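These are my notes from a reading of the structure. I set down what I looked up, entry by entry.

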Amino acid sequence: MLRTFPKGGIHPPENKLTSSKPIKRLPVPKVVYVPISQHIGIPAEIIVDRKDKVEIGQVIAKSGGFVSSNIHAPVAGTVTKLDKIVDTRGYKQQCIVIRTDQKDETNFEQVDLPLLEEFDLEPQEILQRISDFGIVGLGGATFPSHVKLNIKEGKNLDCLIINGVECEPYLTADHRLMLEKGEEILVGIRILMHALHVDRAIIGIENNKRDAIDNFKKLASNDPGIQIAALKVKYPQGGEKQLVRALLKREVPKNGLPLDVGVVVHNVGTIFAIYQAVQHNRPLMERVVTVTGKKLENPSNFWVRIGTPISDLIDAAGGIPEDTRKIVSGGPMMGRALKNTDVPVTKGTSGILVISGGEANRGAPKNCIRCGECVDVCPMGLEPHLLMNLAEKGMYEKAAQEDILTCIECGSCSYVCPSHRPLLDYIRFGKTIAKQLESNKG
Amino acid sequence: MSDQPIIVSASPHVHSERTSKSLMYDVVIALIPAFLVSLYVFGYSALIVTAAAVISCLVFEYLIQKYWLKTEVTIGDGSALITGILLAFNLPAGLPVWMVVVGSLVAIGIAKLSFGGIGYNIFNPALVGRVFLLVSFPVQMTLWPTAVENNTSLVDAVTGATTLGLIKEGVQFGETMSSLSGSIPSAQAMFLGITSGSIGEMSALALILGGVYLMVRKVISWHIPVTVLASIAVMTGIFWWIDPEHYANPLIHVLSGGAILGAFYMATDLVTSPVTKKGMVIFALGIGVITVVIRLFGSYPEGISFAILIMNAFVPLINSYFKPRRFGSRIKAKIM
């Protein structure tokens, strides 16, 4: 029996069009647009000015506090503008525009760094590098990694979980990375285990990625501390709480963190970035992005510099299809719809999904028929139909009592609703106000 | 890029294939076997009653929504169609058409639309229509044409009591189960459907067939039908075990009357049943118990319609008491 989380979940069509496509390196763009807030927390502070020459990997925006992250120049070149742009989340924010120096060889040098297995750093030094080199959670949440790794006294940490689930349909960035950089990821895991003083790590991978599971099993066969766990395919298993429950049968308490049950969870992409930061002193300047969609001529996985406009990615995948109606940053379940393709890739961009024709439309909402499907699929044990109702009627306090704030916004309820009700839209709205009410109270 | 505008909406950006409409039409499909059996047993009279109920339900919904409420007309969503079929299934074949029309008006007009239409009704519309007819026209509503094999003509001359009616009357007049056994149809006959009763409650086999289809299609779950039937069987079993001469055995109770029709199709109505599995079990348990109490101690021989309507009223209460367990609410501090 494959492990999974017990309550709720759905199984949307997987549509992993790019799972057998090796990651290709996208040419370095002529201009990059680097937003200063690519992570959860305080935006970074810009420390360069217009007309400044920057080297590749140079810090251009400094971490603005503890829960923040450094941002590095993804190319060598000249800062041409400090501008406001709309990012993948749809918000306007400060952004550093750099024109790539075409003569600077560092921009085009060999970036496939050799495997370096040995490390002799102290835990503190490891954490310092993770913080210095701007590593954030690459699974999509973009939470600064050093914060997660800063284990307070009294917390009993005994297991590191590596999230290789990639439960979002269409996306294959993590899948390809696990196949192509398996050894580096294992070194990254050992580095983190050393830094966190734990002797147990589990890589959780859904069973639709057999090749990645087998690859890791082969590579880690003589390392008893690292287990590879095949998981039943079920969305949203990549959610931290669901993954911890699936792998260890431990339930993260309401409003708690995995650390409360002795676990830290990191995405495989983050682990690879940590490997590069610790072993090669390489800051987070690029990431794997899946560019996909049923009508795309050549859906692909790319290594992309942070700040590359999304239009470059779509062009590299064969250009935007004729009847494109929706462009999503991320996967179809939790991704953000974009207004245009001018927005740049940031640290959290795991995929670009192009949706064509009728598939982009939402069905017209009908009355709730109280079928209870949304209740059945909610992985958090909530009652989405009730929460929507409360949010619609403005009963936010009651909604908070019904645990609206524990919603992880996975979208399973909206996905299954046979009446096409915009459940998650209203729940998000209710959450926002319930949160405000809570913070007003003190 | 196309000239049509780009859509910017919040996630999720995909949706399952299933719609309310497809759910409703699955129910219609599930009811076909039972309908065919009723045509075989009752001939045209079953067809006339069913057609009258379906057409009048659709027409009333259309007229009321279009000319009175002036809202969107929803007759295409399949729900009024189901109400019509289920209402007919709960009526005796040969009931005068005008009564069927009155029942449809009550079902659609009062039980469904006056509450706000699909999704807002508290009580199962078909059952409200049926019970309205039962208390208004008790004679016609209990005039059961007896099944005659190879009968293709309109039967209304031959009428007989239902199995449960026979038992109830017999026991009241001092007979015992063994003296009644000659006049009660065999379990096999009840299972296949050669007996007397409402149009749709004939064949347990056909009804279960459709019920299994609904479960396979995940329109309903096993919780309600199994709990209703099991609680009827257990409770009647206890009485039968204590006094087999005055109480029918559980098999008769499960197979006769509307138990199976009610358990699979009426009690499982999505709108009027609880949303959680726990709630469904409580709801179904209530239906089973009330049905048996009415059957054994009430003045009506059959009580599942009343039982479902009574439990319908408790659904909001059940929904607020039997909630799903919130993730992380029971903290297991167990560290392996």
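**Entry 1: helix α13 of chain A**

I began with the exposed side of α13(A), where Thr432(A), Gln436(A), Ser439(A) and Asn440(A) are exposed, opposite the buried side. I note here that the model is a predicted one.

Next I listed the buried residues of α13(A): Leu423(A), Leu424(A), Tyr426(A), Ile427(A), Gly430(A), Lys431(A) and Ala434(A). Because they cover an arc of only 145 degrees around the axis, they lie on the same side of α13(A).

What covers these buried residues? I found that the cover includes α9 (373-377), α10 (384-392), α11 and α12 of chain A.

I then checked the length of α13(A), which runs over residues 423-441. Its 19 residues, at 1.5 Å a residue, should span 27 Å, and the end C-alpha atoms are 27 Å apart, so the two values agree.

**Entry 2: positive phi outside glycine**

I looked up Asp403(A), which is not a glycine and yet has a positive phi of about 65 degrees. I located Asp403(A) in the loop between α11 (396-401) and α12 (412-416) of chain A. Is Asp403(A) buried or exposed? Asp403(A) counts as buried, because it has 21 C-beta neighbours inside 10 Å and the threshold for a buried residue is 20 or more.

I also looked up His197(A), a residue other than glycine whose phi is positive, near 55 degrees. His197(A) sits in the loop between α4 (182-196) and β10 (201-206) of chain A. I counted 10 other C-beta atoms within 10 Å of His197(A), so it is exposed; the limit for an exposed residue is 12 or fewer.

**Entry 3: cis peptide bonds**

I recorded a cis peptide bond from Tyr235(A) to Pro236(A), with omega near 0 degrees. Where is Pro236(A) placed? I found Pro236(A) in the loop between β11 (226-231) and α6 (240-248) of chain A.

In chain B, I recorded a cis peptide bond from Ser11(B) to Pro12(B), again with omega near 0 degrees. Pro12(B) belongs to the segment before α1 (20-42) of chain B.

**Entry 4: contact between the chains**

How many residues of chain B are in contact with chain A? I noted 37 residues of chain B in contact with 59 residues of chain A. On the side of chain B that touches chain A, I sorted the residues into 18 nonpolar, 14 polar and five charged.

How values were computed: Residues numbered from 1 in each chain as written. Chains lettered and ligands numbered in written order. Predicted model: local features only at pLDDT ≥ 70, side-chain atom pairs only at ≥ 80, totals over all residues. Helix = DSSP H or I, 4+ residues; strand = E, 2+ residues; numbered from the N terminus. Expected span 1.5 Å × (residues − 1). Arc of directions from axis to C-beta. Contact = placed C-beta atoms within 7 Å. Nonpolar A, V, L, I, M, F, W, Y, C, P; charged D, E, K, R; others polar.
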